[in-house]
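Open the model in your viewer and keep the selection tool ready. Each stop below says what to pick and what to look for there.

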Amino acid sequence: MTRADESLLRLSERPLPSAPAFLAALRRQGADDLARLGLPTVRHEDWRYTSLAPLAALELRAAPAVRLDAAAAGRLGGLPPAPRLVVANGRLDPDLTDLAGLPAGAFAGDLAAALRERPALLEAHLSRTGSFAGSALAAIADACLEDLVLLHLPDGAAASAPVHVVFAAIPGPAPAAAFPRALVVAGRGARATVVETWAGEGGGLVVGRTEFAVAEGAEVELLRVQREAPEAFHLGLLGVSQAARSRFAGRSLALGARLARVEARVLLAGEEAENHLDGLSVASGSQLHDHFVLVDHAVPRGTSRELFKGILDGRSRGVFAGRIVVRPDAQKTDAGQVSSTLLLSDDATVDTRPQLEILADDVKCSHGGTVGQLDEDALFYLRTRGLGRAAARALLTWAFAAEMVERIPAPLRAGVRRLVTARLPGGELLAEAA
């Protein structure tokens with residue numbers, strides 16, 4: 001057992017006052033699973049390209065309870081407009097949270113408020129979205145659960161503005177560990193766009209878990225922006241369960257952290273459910289960005305699409321593993337998966353593992369991917385039009401990223417453009433062009 005394993009097990013022993021039986025059982029099962037599984041190593045098939053050895057050597061402490069002041073919020077990029085929930089080191093900050101603009105009948109609050117006002121929703125959906133059996137990260141999130149935010153949109157509710165959830169990591173006794181968590185329950189026919197921002201200062205570990213329970217006919221869009229400090233370890237989980245004729249579109253933007261891995265696990269549990277998952281990773285230096293995606297088609301006539309792109313510079317590494325599972329009864333499934341990576345240096349590397357597990361015979365499934373560098377002919381063409389080499393490289397790199405940025409909902413697109421261009425080589429040259 002590593003130092004980090006021992007630390008996480010100690011953190012799982014922290015009491016959770018007044019926890020109902022289902023929550024106590026969830027934490028206990030998480031601790032048992034964590035003791036059995038431990039942190040994954042490269043000997044685990046799903047982790048063969050991502051080593052947690054630097055994290056495993058750390059003795060982790062609990063991130064302190066903090067409140068953000070205006071200066072700290074400014075350093076983290078400022079606060080988005082309402083409606084917003086601000087979570088600092090895993091705990092809801094009531095002073096900076098502003099729920100103005102939520103639709104009538106909606107609920108948003110921390111664990112204590114959710115247990116008072118929506119306990120049945122927590123018991124029905126918490127840790128029940130997606131297929132997380134055997135996931136060590138899910139075990140950590142359950143074992144160390146202290147607080148969460150619940151967003152409930154009742155049947156037919158439509159959020160007219162994006163709902164922002166800001167997860168802020170603030171340095172404490174180094175290295176600190178925080179376990180922020182959110183559950184979003186969208187009722188029948190509900191409509192919403194949710195924006196998750198993961199930002200922080202200093203090193204430490206964040207294990208963040210977000211779950212979406214999407215009822216029949218509901219439509220949910222998610223934008224997940226990870227821009228944590230370059231020394232941080234970010235381990236994220238996204239769980240999605242969809243009922244019949246629902247639609248979920250999730251878009252992940254990975255920019256920060258020393259090591260960042262996001263596990264997205266989707267269960268299409270209702271017929272004619274539609275799921276779209278996209279991701280853009282921009283890494284440089286010695287960063288490692290890892291996207292793991294599992295889409296489980298459990299019933300007939302489901303549709304899923306995945307498109308993941310990476311832009312890697314310096315000695316950075318990218319990992320993409322996408323697995324589509326089509327169960328025996330899931331006839332008429334239509335699933336597609338594409339990954340593409342642009343290497344900007346000779347030392348950048350990428351590992352991709354597309355996987356199809358098809359147990360039905362009347363399906364349409366495909367996967368594909370590319371890895372390459374900037375096209376020298378295209379660079380030459382731009383230079384003959386008067387552009388310097390740096391500007392030409394910057395424009396071609398932006399062209400590769402722009403397809404993903406254009407998929408972002410229109411009200412959020414300009415902000416994402418700024419974040420992406422600021423991280424790209426020659427970003428100052430792109431400010432006007434983008």
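Which residue in E17 is the bridge partner of Asn275? Select Ser304: that is the partner. Bear in mind that this model is predicted.

**The two strands**
Now widen the selection to residues 274-283, strand E15, and residues 303-312, strand E17. They pair in the parallel sense, over 10 bridges.

**The whole sheet**
Show the strands around them. An open sheet of 10 strands appears, with mixed pairing. Trace the order: E3-E2-E6-E9-E11-E13-E15-E17-E19-E21. Stop at the edges, which are E3 (91-92) and E21 (364-372). Each edge strand pairs on one side only.

**Two helices**
Select 389-405, helix H9. H9 packs on the sheet and touches E15, E17 and E19 (334-343). The direction of H9 makes about 155° with that of E17.
Next, pick 410-423, helix H10. H10 lies across E6 (163-169), E9 (191-200), E11 (219-227), E13 (247-254) and E15. Against E11, H10 runs at about 25°.

**The cores**
Nonpolar side chains tend to be buried together in soluble globular proteins. Here, the largest nonpolar core has 39 residues. Select Phe212, Phe248 and Leu277, the residues with the most contacts inside that core. Strand E6 gives the most to this core, with 4 residues.
Centre on Phe248. Its contacts beyond four places in sequence include Phe212, Val214, Val220, Leu222 and Val240. Phe248 also touches Gln242, Glu274, Asn275, His276 and Leu277. Asn275 is the residue bridged to Ser304 at the opening stop.
Last stop: a second, separate core of 29 residues. Select Trp47, Cys144, Ala177 and Leu288, which are among its members.

Key:
Residues are numbered from 1 along each chain as its sequence is written. This is a predicted model: local features need pLDDT of at least 70, side-chain atom pairs count only at pLDDT 80 or more; totals for chains, interfaces and linings use all residues. Side-chain values use heavy atoms; hydrogens and water are left out. Two strands pair if DSSP finds at least two bridges between them. Contact means heavy atoms within 4.5 Å. Axes are lines fitted to C-alpha atoms, for helices over the stretch in contact, and angles run from 0 to 180 degrees between N-to-C directions. A nonpolar core is a set of buried Ala, Val, Leu, Ile, Met, Phe, Trp, Tyr and Cys residues joined through side-chain atoms within 4.5 Å. Buried means under 20% relative accessible area, exposed over 50%, partly exposed in between (1.4 Å probe, protein chains only).
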